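This report sets out the overall make-up of one model, then some of its helix packing, and then a few individual residues. Please keep the sequence and the structure in view while reading.

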Amino acid sequence: MWDTILDVLIDAGMDTLKLIPFLFVTYLAMEWFEHRMETKSQSAVLKAGRLGPLVGGVVGVAPQCGFSAAASSLFSGGMITAGTLIAVFLSTSDEMLPIFISEQINPKTVLMILGTKAVFGIIAGFLLDLVYHGMLKRPLRYKNVSKPHAVNDVCEGEHCHCEEGSIFKSAVIHTLQITLFIFVIGLVIGGIVEFVGEETISGLFTGIPVVGELIAGVVGLIPNCAASVVITELYLDGVIGAGPMITGLLVSAGVGLLILFRLNRKHLRQNLLLVGYLYLMSVALGVVIDVLGITF
């Protein structure tokens with residue numbers, strides 16, 4: 001037994017250590033891009049109006065927690081539509097992208113997954129706006145529009161380090177955080193695989209139709225970057241398939257959900273409906289991918 005535990009520790013440690021250089025370089029590049037594009041991205045979404053879901057789905061792909069937090073802030077201030085918020089949540093990649101890059105996954109595969117998330121985010125966003133703002137006649141903006149909360153204030157309050165002054169410092173913090181997450185998750189997955197068996201675990205996600213997507217969706221709803229790390233690692237380890245993976249990554253909006261409930265707390269029912277829509281749409285696409293046998 002102790003030999004098995006030691007093997008799991010060594011495997012998790014070695015797998016994690018080899019990713020650190022790739023993670024740091026990736027985060028450094030992404031921090032630079034996010035700092036350069038943050039103002040332009042928010043401005044584009046604000047000016048998009050009824051085309052908000054289109055712009056939100058596109059620009060939401062690259063940034064991590066920063067833009068999902070910003071979208072929640074803008075929505076809470078009545079500046080963007082519900083569909084635009086959902087489009088950003090569904091398209092944002094959170095920690096998936098740096099992990100895929102550090103694992104040297106085929107760029108074509110990464111682009112296909114990002115494209116799927118963006119396109120589905122746009123479709124789901126427009127559909128929500130059609131029902132919420134069109135059929136139900138909800139106004140595009142609240143009657144009492146307050147000044148939207150600055151994203152850097154929001155991130156500071158949530159301690160997500162999205163808006164640190166130094167991109168180098170922010171990249172180091174992100175790298176250390178995700179390295180720790182990957183190591184812990186690697187230990188957990190490795191231990192479960194060794195003591196329970198990979199076939200048994202996979203059976204939970206593939207044995208009964210839809211169950212895999214339902215479970216992955218619940219994991220993805222955890223308002224923390226750990227959710228996308230778990231889903232991505234499970235997929236890379238072959239424990240879950242394309243359907244549950246897409247479901248988990250679609251619903252995983254990172255700290256954006258925390259920001260939504262914190263800043264839009266006077267509209268709890270609205271927040272719950274948005275989360276329910278996010279979850280159901282994510283599960284639905286995952287099931288469709290499984291039924292059609294689509295792989296990435």
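## A buried isoleucine in helix 9

Isoleucine 182 counts as buried, because its relative accessibility is 5% and the cut-off for that class is under 20%. This isoleucine belongs to helix 9, which covers residues 167–195. In the model, which is a predicted one, isoleucine 182 is 83 residues from isoleucine 99 along the sequence, while the C-alpha atoms of the two residues are 9.2 Å apart in space.

## Overall make-up of the chain

The secondary structure of the chain comprises 15 helices and zero strands. The chain has 296 residues, and 49% of them count as buried. It exposes a surface of about 14,000 Å², of which 69% is supplied by carbon and sulfur atoms.

For contacts between residues at least 6 apart in sequence, 81% join residues that are at least 24 apart. The pair formed by isoleucine 182 and isoleucine 99, with its separation of 83 residues in sequence and 9.2 Å between C-alpha atoms, can be read beside two further pairs described below.

## Helix 13 and its packing on helix 15

How many of the 10 residues of helix 13 are buried? For helix 13, residues 242–251, the count is 10 of the 10, so this helix is largely enclosed by the rest of the structure. The buried residues of helix 13 are Ala242, Gly243, Pro244, Met245, Ile246, Thr247, Gly248, Leu249, Leu250 and Val251.

Helix 13 packs with helix 15, residues 268–292, at an angle of about 160 degrees, and the axes of the two helices are 7 Å apart. The two helices are therefore roughly antiparallel to each other, since angles over 145 degrees are placed in that class. Helix 13 passes helix 15 in a right-handed crossing. On the side of helix 13, the residues that meet helix 15 are Ala242, Gly243, Pro244, Ile246, Thr247, Leu250 and Val251, and their counterparts in helix 15 are Leu278, Tyr279, Ser282, Val283, Leu285, Gly286, Ile289 and Asp290. By class, the residues of this contact between helix 13 and helix 15 divide into 10 nonpolar, four polar and one charged.

## Helix 11 against helix 15

Helix 15 also packs with helix 11, residues 211–220, at an angle of about 140 degrees and with the axes 9 Å apart. That angle makes helix 11 oblique to helix 15. Helix 11 passes helix 15 in a right-handed crossing. Glu213, Leu214, Gly217 and Val218 of helix 11 make the contact with Tyr279, Val283, Gly286, Val287 and Asp290 of helix 15. The residues in the contact of helix 11 with helix 15 are five nonpolar, two polar and two charged.

Helix 15 residues listed in the contact with helix 11 include Tyr279, Val283, Gly286 and Asp290, and these four residues are also listed in the contact of helix 15 with helix 13.

## Helix 3 against helix 5

Helix 3, residues 52–59, and helix 5, residues 82–91, pack at an angle of about 20 degrees, with 8 Å between their axes. That angle makes helix 3 roughly parallel to helix 5. Helix 3 passes helix 5 in a right-handed crossing. Gly52, Pro53, Gly56 and Gly57 of helix 3 make the contact with Gly83, Thr84, Ala87, Val88 and Ser91 of helix 5. By class, this contact of helix 3 with helix 5 contains three nonpolar, six polar and no charged residues.

## Residues around helix 6

Serine 93 lies in the loop between helix 5 and helix 6, and this serine is buried, with a relative accessible area of 2%. From serine 93 to lysine 117 there are 24 residues in sequence and 8.3 Å in space, taken from C-alpha to C-alpha. Isoleucine 101 is placed in helix 6 and is partly exposed, with a relative accessible area of 38%. Isoleucine 101 and valine 25 are 76 residues apart in sequence, and their C-alpha atoms are 10.0 Å apart in space.

Is glutamine 104 buried or exposed? Glutamine 104 is exposed, with a relative accessible area of 57%, and its place is in the loop between helix 6 (96–102) and helix 7 (107–135). Most residues other than glycine have a negative phi. Glutamine 104, although not a glycine, has a positive phi of about 55 degrees.

Conventions:
Residues numbered from 1 in each chain as written. Predicted model: local features only at pLDDT ≥ 70, side-chain atom pairs only at ≥ 80, totals over all residues. Heavy atoms only, no water. Axes fitted to C-alpha atoms, helices over the stretch in contact; angles between N-to-C directions. Parallel < 35°, antiparallel > 145°, perpendicular 65-115°, else oblique. Left-handed = near helix turned anticlockwise from the far one by under 90°. Contact = heavy atoms within 4.5 Å. Nonpolar A, V, L, I, M, F, W, Y, C, P; charged D, E, K, R; others polar. Buried < 20%, exposed > 50% of the residue type's maximum accessible area, 1.4 Å probe, protein only. Areas by Shrake-Rupley, 256 points an atom, 1.4 Å probe, with all protein chains shown as cover.
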